[in-house]
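Subject: Structure for you to look at

Hello,

Here is the structure we talked about. Please open it beside this email and follow along; my notes are below.

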Amino acid sequence: MRTYHKPLDLVRERSPERPVALVRPDILAVAAHWFQAHFKGDVLYAVKANPSDWVIETLHGAGLRSYDVASIPEIELVLRHAPQAKLAFMHPVKSRAAITRAYFDYGVRTFALDCQEELAKILDATGNARDLNLIVRLGVQTDGAAYSLSGKFGVPMDQAPELLLATRRATEELMGVSFHVGSQCMRPTAYQAAMAQASRALVRAGVFADIVDVGGGFPSIYPGMIPPDLADYMNSVHRGFDEMKVHETTELWCEPGRALVAEASSLLLKVELRKGDALYLNDGSYGSMFDATHFKWPFPVKLVRDGVASSELKPFRFYGPTCDSIDAMPGPYWLPEDVREGDYLEIGQMGAYGVAMATRFNGYGDTELERVGDGPMASMFGLAPRSIPVPRTEDDEARKIVRFSRPKGAAGKKRRKK
Ligand SMILES: Cc1ncc(COP(=O)(O)O)c(C=O)c1O
C-alpha cells in the first residue's frame with residue numbers, strides 16, 4: 001500500500017483500472033481513541049463492518065483490545081494482528097463446529113445466544129464447559145434506526161426472563177445481556193429506552209447481569225442523514241446504565257462498527273461509460289456499493305479529474321459493472337454536468353459495509369488498497385464538516401441542474417423575489 005497526499009495524485013500517477021479503496025488509518029485511530037475516551041466501558045470493534053487487515057492493525061495500534069466476531073475467519077483475522085485480543089462471539093446463531101473451534105482452538109469464552117436451543121448447543125459443543133461468559137441478545141425496540149436489525153435475532157421480551165434464568169444457571173462465570181438498536185441509529189435515547197427494557201427483563205427473571213452490552217448502531221454522516229453528536233449517544237448510554245438495576249461490578253460494553261470505520265475509507269471508481277444521466281462504473285451492487293443499491297443510500301461523491309470541470313451540478317444515477325440489472329444505484333449523485341467516460345469519482349463515507357460486502361460475481365469485485373493523507377468528506381470526530389450538503393434549489397426539479405452559488409445579475413434577483 002502506497003501513500004498519496006490526495007486521491008487526485010493517485011489518478012495522475014497511474015490512472016487505476018480497478019476500484020481502489022482509499023484508506024485513512026489516522027482517521028480511524030482518532031475514532032478509536034474517541035470511543036475509548038468517551039465510552040465508560042469496554043469498546044469491542046464489530047469486525048463485520050470492515051474486516052480488512054489495515055483496520056484491525058490500526059485499531060490494535062490505537063489501543064483497542066476487544067473485538068466482536070461473527071465467524072471463525074473473523075477470529076483468525078483478529079488473532080493474526082492481535083494475538084492477545086479479547087474476543088466475543090456475538091453472532092446469536094453459530095454452527096456447532098464453529099463454537100467448538102472457537103472454544104478449544106482459539107480460547108474464546110464469550111458467546112451470545114437468543115434462544116434455549118442455542119444455549120444447549122453452546123454447552124454441548126464446549127463439552128459442558130463451566131467457564132463460559134454467556135450473553136443473551138434481547139429483542140428490544142429499534143424504531144430510531146435507519147436499518148432495523150430486529151426480526152432475525154433477539155429473544156422476544158416476554159420470553160426473555162425464562163432464557164435469562166436458564167443462562168444464569170448454565171455458567172459459573174459471567175452472564176450478560178445485549179441488544180442492537182439497529183444500524184445508523186439516529187435517536188440517542190434509543191439506547192436508554194433499550195436499557196430500561198433490558199432492566200425490566202432482568203428484574204422479572206430475578207437475576208443480575210454481569211455484562212450489559214449495548215451493541216452497535218452508533219451513526220456516521222451521509223447526505224440527508226446528519227445524526228446528533230456522538231456525545232449525546234454516550235450520555236444516553238451512561239444515563240441508561242445508571243438507571244439499570246445492576247451490580248457495582250457489572251461491566252458496560254459496546255460494539256461499534258459503522259461509527260468507527262465509515263469515514264476512514266472512500267472508494268475511487270472509474271466511469272466506463274456515460275449514457276445521458278446514467279454513469280456505468282467499475283464497481284457496484286455486487287462490489288462495495290451494496291447499501292447504495294439495496295437501501296438506496298445516496299453516498300457523497302466528488303469528481304476527481306486532472307483538469308477543469310463544469311461548475312453546474314446535475315443528478316446522476318450509477319450502474320455497476322456486472323450484467324445484472326439490479327446492479328443499479330439510483331442516487332441521485334450530484335456531479336458536474338460534464339462528467340464523462342474516463343473520469344474518476346470518489347465515493348465518500350464507504351469504510352463501513354463497503355469492501356466487506358464485495359462478491360466476485362461476473363469476475364468483478366477485486367479492490368486495490370491505497371492510503372491517502374487528506375480528510376474524510378464528513379466527520380463525527382471534528383476532522384471534516386459535520387454535514388454533507390444535499391443540493392436543492394427551487395427550480396432544480398424542473399431543470400435538473402444546480403449551481404454552486406446563487407446566479408448573479410437579473411437571474412439572481414428574479415429568484416430572490418419569488
Ligand atoms: C451483534 C452486532 N454487533 C455490532 C454490530 C455493528 O453495528 P453497527 O455497524 O451499526 O455499529 C452488528 C451489525 O450488524 C451486529 O450484528
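**Where the two domains meet**

In this predicted model, 22 residues of domain 1 are in contact with 22 residues of domain 2. On the domain 1 side, the elements that give two or more residues to this contact are α2 (25-38) and α10 (258-261). Helix α2 gives the most, with five residues. By type, the residues on the domain 1 side divide into 15 nonpolar, five polar and two charged.

As for the bounds, domain 1 covers 25-261 and domain 2 covers 265-396. Their C-alpha centres lie 31 Å apart.

**The whole protein**

The secondary structure comes to 13 helices and 20 strands. Along its principal axes, the C-alpha trace spans about 75 × 50 × 40 Å. What radius of gyration would a compact globule with 418 residues have? It would be near 22 Å, and the protein has 23 Å, which agrees.

**The barrel**

Eight strands form a closed barrel with parallel pairing, in the order β3-β4-β5-β6-β7-β9-β11-β12. From one strand to the next, the twist averages 25°.

To see one of the pairings, find strand β3 (residues 42-46) and strand β12 (residues 251-254). These two run parallel and are joined by two bridges. Within this pair, D42 stands opposite W253 in β12.

**Helices α6 and α7**

Helix α7 lies across two strands of the barrel, β7 (133-137) and β9 (175-178). Relative to β7, helix α7 runs at about 175°.

Helix α7 (residues 160-170) also packs with helix α6 (residues 116-125): their axes come within 10 Å and cross at roughly 10°. Angles under 35 degrees count as roughly parallel, and α6 and α7 are therefore roughly parallel to each other.

Which residues of α6 and α7 meet? From α6 they are Q116, L119 and L123, and from α7 they are L163, A166, T167 and A170. The residues of this contact divide into five nonpolar, two polar and no charged.

If you want an order for looking, start with the contact between domain 1 and domain 2, go on to the closed barrel of eight strands, and finish with the contact of α6 with α7.

Regards

How values were computed:
Residues are numbered from 1 along each chain as its sequence is written. This is a predicted model: local features need pLDDT of at least 70, side-chain atom pairs count only at pLDDT 80 or more; totals for chains, interfaces and linings use all residues. Axes are lines fitted to C-alpha atoms, for helices over the stretch in contact, and angles run from 0 to 180 degrees between N-to-C directions. Helices (H or I, at least four residues) and strands (E, at least two) are DSSP runs, numbered from the N terminus. Angles under 35 degrees count as roughly parallel, over 145 as roughly antiparallel, 65 to 115 as roughly perpendicular and the rest as oblique. Two residues are in contact if their C-beta atoms, placed from the backbone, lie within 7 Å. Ala, Val, Leu, Ile, Met, Phe, Trp, Tyr, Cys and Pro count as nonpolar, Asp, Glu, Lys and Arg as charged, and the others, Gly among them, as polar. Domain bounds come from an automatic or database domain assignment. Two strands pair if DSSP finds at least two bridges between them. The radius of gyration is taken over C-alpha atoms; the globule rule is 2.2 Å times the number of residues to the power 0.38.
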